[in-house]
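Ready for a walk through a protein model? Keep your viewer open and select each stop as we reach it.

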Amino acid sequence: MKGRLFRSLPAALVAFLAASAVWAEEIGDAEAGAQVFKKCTGCHQVGKDAVDKVGPHLNGIFGRAAAAHADYRYSDSMVRAGNDGMIWTAETLDAYLENPRALVSKTRMSFRGLKDPADRANILAYLRSFSDNPSDFPEAEPTALATDHDIDPAILALEGDPEYGEYLASECLTCHRSDGTSDGIPSITLWPTGDFVVAMHAYKRKLRPHPVMQMMAGRLNDEEIAALAAYFKDLE
Amino acid sequence: MKLNRRLFIGTGAAATATLAAPTVFAAGHGKPRVVVVGGGAGGATAARYIAKDSKGEIDVMLIEPSRMYYTCFFSNLYIGGVKEIDDLGHSYGTLAASGVNVVHDWAVGVDRDAKTVALAGGGSVPYDKLILSPGIDFVDGAVEGWDLSAQNAMPHAYKGGSQTELLKAKIAAMPEGGIFAMVAPPNPFRCPPGPYERVSMVAHYLKANNPTAKIIVADPKDKFSKMALFQEGWGAHYNGMIDWIGSDFGGGNVSVDPNAMTVTIDGEVTKVDACNVIPAMKAGRIAELAGVTDGNWAPVNAVDMSTKADADVYVLGDASEQGDMPKSGFSANSQAKVCANAVRGALTGSKVFPAKFSNTCWSLLDTDDGVKVGATYEATDEKIAKVDGFISATGESAELRKATYEESEGWYAGITADMFG
Ligand SMILES: Cc1cc2nc3c(=O)[nH]c(=O)nc-3n(C[C@H](O)[C@H](O)[C@H](O)COP(=O)(O)OP(=O)(O)OC[C@H]3O[C@@H](n4cnc5c(N)ncnc54)[C@H](O)[C@@H]3O)c2cc1C
């Protein structure tokens, strides 16, 4: 376990960890994470004296609300996620690093994402070592599980039926505007279908926090999401 | 439109005739005709969607007496001083542009055998499908001492426009330290959180303009929508101002005297300075005249909002008895789209998709302190049945409450654009 997270956990948990070999393997390696973090350093700092640069500094990111640095100018989407109550946990960070736009559609972080679950697990273990007070981490939260959030390519490839999409969309248009205006509620017209589909699935899986959208997306199946994406893609 | 459903509701001759008819059904007179009565949340949406989606294949006539529709939704915010009356008014001009023939008149009768609607201005108009979305009327004698002739002294402000303005004027005219009383309605009624959002907004106004004034609410119920959220908000923002008297404490034992301006709650007489009586409700009268009501409301089939009484007459929104959905503008709008899709399918053979419904109701407790409750629904053989839901939690952060309020503004812009184009 050298170099790994949770070296200083209470004895009981260490015993549990040791007993659970699978889980132990899924915990990231902070040293390996330091290497992967080089992909982030162009924009983010972490550690002593870290400050906001292109992206906000990442000290104490675990357990922090999204968009929490008062002096840093986040995108509207990130601010909205923060207001909705999105907290950076192993799960949300994992999803964001895998595909930033699946979790926060109009994020300003122009980074394609880390596709390898092991890279993400390692980077999370690394980031987790930069907290003011690591003992505050919720113990129950298994860190950096290598969850696969990625949408099955078959789902992304589904051709939506725009006629069905138009009917389903009528339900969305009670809140979202067909002319693309966004005040209070974001615009969802003219989106690339891929972005639309991953956003809807992130609500469906409750990775994104909003209760209305979790409920709306929760009862849509893959074809229906594809149909909506196909309809809204061309709506002007 | 599904045949199996028609089979078991098809008792009358009309239904049998429709069964035998071909997909494109216009009773031998060219273009199929849809008449919609009532240009509110349900009717305006249904008219607009049928006209828009049928692209001229169906004649759509909307009968509505008013030239402007003043929404009840957000009318409490007007009372609180958060919105202006002009923010609530919407003209029917845009609907005409979407191909709806808007006739400003009252529907005064329905002949379901001849399939015609009689107008107050004289004459009648024929229909193949009739959609009624007349909203609510009040049950006579529901509150002892109050009838419609008392609505100037003690407004209900439960229909949009002038009644809302009148109530606001009366609250503004209250003497320093005066008393505002509300008589809340029994279930089921239009907008379950409406009276309590109103109490919040009256308190908001009084706190700024008449801080020693008091609010009394006489309620025939012992609980109400979003109760924990409202009570938390009242405690936090208006502590000591609001006295809510539920049924356990005699809140249902009420009479009023509009001349003396007194309210008697469980035997105790109080002289009040402004009084808002919200009586028990029933379907808008035209539903009853059409003979599609059973008791106070019009029972409908969940798949398409057609009435149990007549497969060619549909009832939307507050007037319908459909199952689990609350009587709200959001619900009426949602039901209208399911109905529009089914009516269009029946008249032109266009594809009919499965019914899906949803609702979300926001309420404003104080400036930037919004809460919400919502649910999704599906059609079962028996009713519109709830599938899933959520509600704001007590103790939420100020940022989230502000975001929730901003969302409600987005929704208001969204639903009114969806109704009127
Ligand atoms: C204070 C208050 C706050 C509310 N807040 C919300 C909210 O925040 N969100 C929400 O979703 N809902 C809210 N509502 C509820 C909402 O206003 C109603 O549920 C909604 O308007 C119902 O739509 P409807 O089509 O059934 O009736 P309405 O919108 O009332 O429309 C009925 C129309 O029919 C017309 N009409 C009636 N009879 C005839 C006739 N014989 N001939 C021709 N026309 C006729 C009327 O003139 C009227 O325009 C609120 C209601 C109130 C009172």
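Before the first stop, one term: a polar contact is a pair of N or O atoms within 3.5 Å. Also keep in mind that what you have on screen is a predicted model.

**Stop 1: the ligand**

Select the ligand and then B:Ala41. A backbone N or O atom of B:Ala41 sits 3.2 Å from one of the ligand's oxygen atoms, so this pair falls inside the 3.5 Å cut-off. Now click on B:Gly42: here a backbone N or O atom is 2.8 Å from a ligand oxygen. Next, pick B:Ser328, where a polar backbone atom lies 3.4 Å from an oxygen atom of the ligand.

How much of the ligand's own accessible area does the protein cover? On its own the ligand has 1,000 Å² of accessible area, and the protein covers 93% of that. Which elements of chain B give two or more residues to the shell around the ligand? Color these three: α3 (41–54), α4 (75–79) and α10 (329–348). The largest share, three residues, comes from α10(B).

Now show the whole shell. You should find 34 residues surrounding the ligand, and the closest are B:Glu64, B:Tyr69, B:Ser133, B:Arg190 and B:Asp318. Sorted by type, the shell has 17 nonpolar residues, eleven polar ones and six charged ones. Try coloring chain B by domain, too: domain 1 (5–137 + 281–354) and domain 2 (143–277) each supply at least three residues to the shell.

**Stop 2: two buried spots in chain B**

Stay in chain B and select B:Asp369, which belongs to strand β23 (residues 369–379). Is B:Asp369 buried or exposed? Its relative accessibility is 11%, and buried means under 20%, so B:Asp369 counts as buried. Show side chains here as well, and you can see the one of B:Asp369 making a polar contact of 2.6 Å with the side chain of B:His237.

Then jump to B:Gly284, in the loop between β18 (281–283) and α9 (285–289) of chain B. B:Gly284 counts as buried because its relative accessibility is 2%. Draw a distance from the C-alpha of B:Gly284 to the C-alpha of B:Leu132: the two residues are 152 residues apart along the chain, yet these atoms are separated by 9.1 Å.

**Stop 3: some backbone oddities**

Here is some background for this stop. Most residues other than glycine have a negative phi, and most peptide bonds are trans.

With that in mind, zoom in on the peptide bond from B:Asn187 to B:Pro188. This bond is cis, with omega near -10°. B:Pro188 lies in the loop between β11 (179–183) and α7 (194–209) of chain B.

Next, go to B:Ala157, in the loop between β10 (136–138) and α6 (162–172) of chain B. What is phi of B:Ala157 near? The value is near 50°, which is positive in a residue other than glycine. B:Ala157 also counts as buried, because its relative accessibility is 3%.

For another positive phi, cross over to chain A and select A:Lys206, where phi is near 60°. You will find A:Lys206 in the loop between α10 (193–204) and α11 (211–218) of chain A.

**Stop 4: the helices of chain A**

Now show chain A as a cartoon. How many helices and strands does chain A have? The count is twelve helices and zero strands. Of the 236 residues in chain A, 53% are buried.

Pick out helix α7 (residues 117–128) of chain A. Its twelve residues reach 16 Å from the first C-alpha to the last, close to the 16 Å expected at 1.5 Å a residue. At the start of α7(A), look for a side-chain oxygen of A:Asp116, which comes within 2.8 Å of the backbone nitrogen of A:Ala118. Most of this helix is covered, with nine of its twelve residues buried. Among them are A:Ile123, A:Leu124 and A:Tyr126.

Finish at α10(A). Its end C-alpha atoms are 16 Å apart, which agrees with the expected span because twelve residues at 1.5 Å a residue should span 16 Å. α10(A) is mostly covered as well, with nine of its twelve residues buried. To see some of these, select A:Phe196, A:Met200 and A:His201, which are among the buried residues of α10(A).

Terms used
Residues are numbered from 1 along each chain as its sequence is written. Chains are lettered from A and ligands numbered from 1 in the order in which they are written. This is a predicted model: local features need pLDDT of at least 70, side-chain atom pairs count only at pLDDT 80 or more; totals for chains, interfaces and linings use all residues. Side-chain values use heavy atoms; hydrogens and water are left out. A residue is near a molecule or strand if one of its heavy atoms lies within 4 Å of it. A polar contact is a pair of N or O atoms within 3.5 Å; within protein, one must be able to donate a hydrogen and the other to accept it, and residues adjacent in sequence count only if both atoms are side-chain atoms. Accessible areas come from the Shrake-Rupley method with a 1.4 Å probe; for residues, only the protein chains shown count as cover. Helices (H or I, at least four residues) and strands (E, at least two) are DSSP runs, numbered from the N terminus. Ala, Val, Leu, Ile, Met, Phe, Trp, Tyr, Cys and Pro count as nonpolar, Asp, Glu, Lys and Arg as charged, and the others, Gly among them, as polar. Domain bounds come from an automatic or database domain assignment. The expected span of a helix is 1.5 Å times one less than its number of residues. Buried means under 20% relative accessible area, exposed over 50%, partly exposed in between (1.4 Å probe, protein chains only).
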